[in-house]
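This report concerns side-chain links in a protein model. Please consult the sequence and the structure shown below while reading.

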Amino acid sequence: MSSSYQYTEEQLNQIFITANENQQNGLLVEAQKGYLELISLFSEAPILHYNLGLVYFEQDEYEKALESFTIASSLVPEDGDIIFNLALSQKKCGDLSGAIISYEKVLAADPESVDALYNLAVCYRETRQYAIAIDTCLRVLALEPDYTPAI
């Protein structure tokens, strides 16, 4: 479709619904195409960048996922889910200090996020900050004693 094509609201909704369904069904390339089409029209829609980031992450395209989550987080900096996925992507891309900062942001809003605490502990371990990693794992276990990865 050319850039002068005018979409109806119904068509836009259908593109979004189809992209979501494709994503849920593992049709990631098709989902990606739908989200990119919508982003070309609505570049300031954080949900589109977030969903596209999830698609890229699932495809092991971590640099692209990082880019999408960075855009989404710039649009809604207080969204914990976006920041958490940004941190996951930062870690996958080797930016452990960035991931630590992002996990700390998640924890500032939700201090009992076991997943954020555990992933933060892993980042501390990988940066050889062993004492902080152990303390962070102990925080995880205090919240969820049976959290096997932290043992």
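How many disulfides does the structure hold? In this predicted model, the number of disulfides is 0.

**Cysteines**

A disulfide requires two cysteine sulfur atoms within 2.5 Å. The sulfur of Cys-123 has its closest cysteine counterpart in Cys-137, and because 11 Å separates the two sulfurs, they are too far apart for a bond. Cys-137 is accordingly in no disulfide. Cys-123 is buried, at a relative accessible area of 0%, and Cys-137 is also buried, at 19%.

**Salt bridges**

Side chains of opposite charge can pair when their charged atoms come close. The structure holds 3 salt bridges, which are listed here with their N to O distances.

| Basic residue | Acidic residue | Closest N and O atoms |
|---|---|---|
| Lys-64 | Glu-61 | 3.1 Å |
| Lys-91 | Glu-126 | 3.3 Å |
| Arg-125 | Glu-126 | 4.0 Å |

In the pair formed by Lys-64 and Glu-61, Lys-64 is partly exposed, with a relative accessible area of 39%, and Glu-61 is partly exposed at 26%.

Lys-91 and Glu-126 meet in a salt bridge. Lys-91 belongs to helix H5 (residues 80–92) and Glu-126 to helix H7 (residues 114–126), so this pair ties together parts that lie 35 residues apart in sequence. Lys-91 is partly exposed, with 23% relative accessibility, as is Glu-126 with 37%.

Glu-126 also forms a salt bridge with Arg-125, a residue that is partly exposed at a relative accessible area of 44%. Through shared partners, the salt bridges join Lys-91, Arg-125 and Glu-126 into one network.

Key
Residues numbered from 1 in each chain as written. Predicted model: local features only at pLDDT ≥ 70, side-chain atom pairs only at ≥ 80, totals over all residues. Heavy atoms only, no water. Buried < 20%, exposed > 50% of the residue type's maximum accessible area, 1.4 Å probe, protein only. Salt bridge = Lys/Arg side-chain N within 4 Å of Asp/Glu carboxyl O. Helix = DSSP H or I, 4+ residues; strand = E, 2+ residues; numbered from the N terminus.
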